[in-house]
Amino acid sequence: MRLFKAEIWNLDLLAEAFERYRVLFGGKPDLKRSQVFLKNRIRFDESIIFVAVQEESQLLGFVQLYPLLSSIDVQRTWLVNDLYVDDAFREQGVGRALMEKAREFAEYTNAGALVLDTEFANHPARQLYQSLGYQPLDNRLLYALTL
């Protein structure tokens, strides 16, 4: 397994996995829209995406990070927005390797933290995050205004 930062040249392979991820979590299927979305994130440096591959043509999974800035801490925080491992490669350490790569990158960029949210019912993800040292934020509530 190789881990590396996604670039435009492997966009098609990444977009197929991203589309499966979106549909898995309730997104409406639209591969072209997924391709354009990812292309813009990469082209405009709006996110960092690490991919896990086996061979050049088999994508095992990916993790996508978005930068956040903290005015209080005057430093960057990375939001782990998306973590996906293809069904055929689950429970083989791919998700752990991607999350460790995210941590390595966050440390390299002198970030103050990595943050994420997940559904209460997503027990496998919660177990992974907790095993990697992630802790729930007792003094925070997540709010959203849907537009």
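Helices and strands are DSSP runs numbered from the N terminus, with at least four residues for a helix and at least two for a strand; on that basis, D45 is placed in the loop between α2 (31–43) and β2. The legends below use this numbering throughout, and the structure they describe is a predicted model.

**View 1. The whole predicted chain, with its order of elements and its overall dimensions.** The chain is made up of four helices and five strands, and from the N terminus on these elements follow the order β-α-α-β-β-β-α-β-α. Taken along the principal axes, the C-alpha atoms fill a box of roughly 40 × 35 × 35 Å, and the radius of gyration is 15 Å, which agrees with the value near 15 Å that a compact globule of 147 residues would have. Of the contacts in the chain with a separation of 6 or more, 56% join residues that are 24 or more positions apart. Buried residues make up 38% of the 147 residues, while the chain exposes about 9900 Å², of which carbon and sulfur atoms supply 52%. The chain carries 17 positive and 20 negative charges, and the mean positions of the two sets are 4 Å apart.

**View 2. The largest nonpolar core and the elements that contribute to it.** This core has 24 residues, and those with the most contacts inside it are V63, L65, W78 and M99. Two or more residues are given to this core by each of β2 (48–54), β3 (58–70), β4 (75–85), α3 (94–108) and α4 (123–131), and the largest share, six residues, comes from α3. A second, separate core has 16 residues, including F4, A6, L14 and I49. In soluble globular proteins, nonpolar side chains tend to be buried together.

**View 3. The surroundings of M99 and L116.** Leaving aside residues up to four places away in sequence, M99 touches V63, V80, L83, L116, L128, Y129, L132 and Y134. L116, which is found in the loop between β5 (113–115) and α4, touches L79, V80, M99, Y129 and Y134 when residues up to four places away in sequence are likewise not counted. The relative accessibility of L116 is 24%, so this residue counts as partly exposed. Between the C-alpha atoms of L116 and L69, which are 47 residues apart along the chain, the separation is 15 Å.

**View 4. Two loop residues with positive phi, D45 and V74.** Most residues other than glycine have a negative phi. D45, although not a glycine, has a positive phi of about 50°, and its relative accessible area of 61% makes this residue exposed. V74, which lies in the loop between β3 and β4, is likewise not a glycine and has a positive phi of about 45°. With a relative accessibility of 70%, V74 counts as exposed, because the term applies to values over 50%.

**View 5. E16 in the first helix, shown together with K32.** E16 is found in helix α1, which spans residues 11–24, and its relative accessible area of 42% places this residue in the partly exposed class. E16 and K32 are 16 residues apart in sequence, and their C-alpha atoms are 9.7 Å apart in space.

How values were computed: Residues numbered from 1 in each chain as written. Predicted model: local features only at pLDDT ≥ 70, side-chain atom pairs only at ≥ 80, totals over all residues. Heavy atoms only, no water. Core = buried A, V, L, I, M, F, W, Y, C linked by side-chain atoms within 4.5 Å. Buried < 20%, exposed > 50% of the residue type's maximum accessible area, 1.4 Å probe, protein only. Contact = heavy atoms within 4.5 Å. Rg over C-alpha atoms; globule rule 2.2 N^0.38 Å. Areas by Shrake-Rupley, 256 points an atom, 1.4 Å probe, with all protein chains shown as cover. Lys, Arg positive; Asp, Glu negative; His and termini not counted. Charge placed at Lys NZ, Arg CZ, Asp CG, Glu CD.
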